[in-house]
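Work through the exercises below with the model open. Try each task before reading its solution.

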Amino acid sequence: MAYVAIGGGTIADAAAGNLANYMPIVWAKKVLDFVERNLVLWNCIDTSWSEQFAGQRGDTLRINPLLEITAAAVNTSADPTAYDTDQGAVTDLVINYWYEAVVGVTDFQGMLGQPNYEKLIIPKLGYAIAKQIDTSIANLIDATDLTQRVGTEGVAVSYETLLDAKAYLDLADAPEDDRFLVIDPETLTDLMKDEAFTSALYNAGNAIQKGFIGQHKPLGCTVLMTNNLQAINTSYHGAAMFQKEAWAGCMKQAVEYAAWREERRHTTFHRTSSLWGVVEARDTFAVYVRTRS
């Protein structure tokens with residue numbers, strides 16, 4: 001039988017009619033959290049430059065390249081050729097990323113017994129900054145910026161494609177330590193179907209860090225997956241194999257938290273902020289990997 005509300009009709013009718021003004025809204029004690037992306041890139045680049053900026057003023061760190069010294073045959077009949085310490089083009093690491101994430105919690109929210117948003121949101125403020133830091137690096141993984149490229153857009157990445165990328169790094173004399181392969185979920189799906197790739201993947205699934213897939217000894221790199229890579233032409237992701245010195249990063253101000261009270265607005269504000277810079281430092285130490293999606 002159908003239940004009848006006061007004044008006639010169904011309960012649904014009552015909710016929209018004569019009892020609507022008497023039905024309170026109850027706030028759930030839980031909130032729907034958003035899914036956090038795997039943020040991996042900051043830990044994959046050379047951030048030792050932050051030490052150079054410690055206690056220093058200014059917004060630019062000028063990095064002077066040191067090229068290889070070539071030995072020459074001894075000639076006692078002529079003066080030796082001295083190594084030129086002025087090696088040409090320099091790299092400027094500019095501190096030009098200044099971001100904040102702010103949320104205000106009103107007294108009204110607290111008085112109505114809403115969920116403890118302050119406890120829930122503060123960690124998300126830090127994540128918002130971390131995501132922006134990661135994104136600033138992902139934006140540097142671009143076919144127009146990196147001169148070394150492998151694969152074909154719209155075609156699944158194969159093990160042979162990754163071997164070509166490794167060859168580029170080997171030919172550039174990139175250090176064998178701290179090499180990474182950072183890919184998107186679709187590319188990981190393609191590679192996990194390739195037995196030549198999976199058979200040499202070690203420590204797969206070991207949660208050493210977010211996005212960690214495994215160590216690949218033949219490729220000589222750590223494989224990481226993230227869905228925070230840049231979308232190229234809205235269709236393809238900018239994946240890469242690289243050695244950490246390919247990009248230089250400097251954290252001028254680490255993620256800081258602050259809170260303050262605005263009595264005029266009956267609101268407590270919470271904020272995280274950070275100041276940093278990233279730049280491509282060694283082009284030959286990175287290879288752009290074209291993906292299928």
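**Exercise 1. A salt bridge between two loops**

Task: find the partner of Glu245 in a salt bridge, and say where both residues lie.

Solution. Start with the criterion: a salt bridge is a side-chain nitrogen of Lys or Arg within 4 Å of a carboxyl oxygen of Asp or Glu. Glu245 pairs with Arg282, and their closest N and O atoms are 3.1 Å apart. Next, place the two residues. Glu245 sits in the loop between strand 11 (239-243) and strand 12. Arg282 sits in the loop between strand 13 and strand 14 (286-289). The pair links distant parts of the chain, 37 residues apart. Helices (H or I, at least four residues) and strands (E, at least two) are DSSP runs, numbered from the N terminus. Last, check exposure: buried means under 20% relative accessible area, exposed over 50%, partly exposed in between (1.4 Å probe, protein chains only). Glu245 is partly exposed at 28%. Arg282 is partly exposed too, at 39%.

A note on the model. It is predicted, so local features need pLDDT of at least 70 and side-chain atom pairs count only at pLDDT 80 or more, while totals for chains, interfaces and linings use all residues. Residues are numbered from 1 along each chain as its sequence is written, and side-chain values use heavy atoms, with hydrogens and water left out.

**Exercise 2. Two more pairs**

Task: which residues form salt bridges with Arg261 and with Lys166?

Solution. A search of the whole structure gives 8 salt bridges. Take Arg261: its partner is Asp107, with the closest N and O atoms 2.6 Å apart. Arg261 belongs to strand 12 and Asp107 to helix 3 (residues 107-111), so this pair ties together parts 154 residues apart in sequence. Arg261 has a relative accessible area of 34%, which makes it partly exposed. Asp107, at 28%, is partly exposed. Now extend the pair: Asp107, Arg261 and Glu263 are linked in a network of salt bridges.

Then take Lys166. Its partner is Asp170, and the closest N and O atoms are 2.7 Å apart. Both residues are in helix 5 (residues 159-171), 4 residues apart, so about one helical turn separates them. An α-helix has 3.6 residues a turn, so residues three or four places apart point the same way. Asp170 is partly exposed, at 32% relative accessibility.

**Exercise 3. Helix 4 and the cores**

Task: check the length of helix 4, then list what its buried residues pack against.

Solution. The expected span of a helix is 1.5 Å times one less than its number of residues. For the 22 residues of helix 4 that gives 32 Å; the end C-alpha atoms are 31 Å apart, which agrees. The buried residues of helix 4 include Leu125, Tyr127, Ile129 and Ile133. Its buried residues pack against strand 3 (97-106), strand 12 (247-262) and strand 13 (267-280).

Now turn to the core. A nonpolar core is a set of buried Ala, Val, Leu, Ile, Met, Phe, Trp, Tyr and Cys residues joined through side-chain atoms within 4.5 Å. The largest one has 53 residues, and Phe242 and Trp247 have the most contacts inside it. Helix 4 (residues 117-138) gives the most to this core, with 5 residues. A second, separate core has 8 residues, among them Phe53 and Leu61.

Follow Phe242 outward. Contact means heavy atoms within 4.5 Å. Leaving out residues up to four places away in sequence, Phe242 touches residues including Cys44, Leu169, Phe180 and Phe285.

**Exercise 4. Gly151 and a distant partner**

Task: where does Gly151 lie, and how far is its C-alpha from that of Val289?

Solution. Gly151 is in the loop between strand 4 (149-150) and helix 5. Gly151 counts as partly exposed, at 31% relative accessibility. In sequence, Gly151 and Val289 are 138 residues apart; in space, 5.9 Å, C-alpha to C-alpha. Beyond four places in sequence, Gly151 touches Thr161 and Arg290.

Now zoom out. In the protein chain, 76% of the contacts with a separation of 6 or more join residues 24 or more positions apart. The chain has 7 helices and 14 strands. Of its 293 residues, 37% count as buried.
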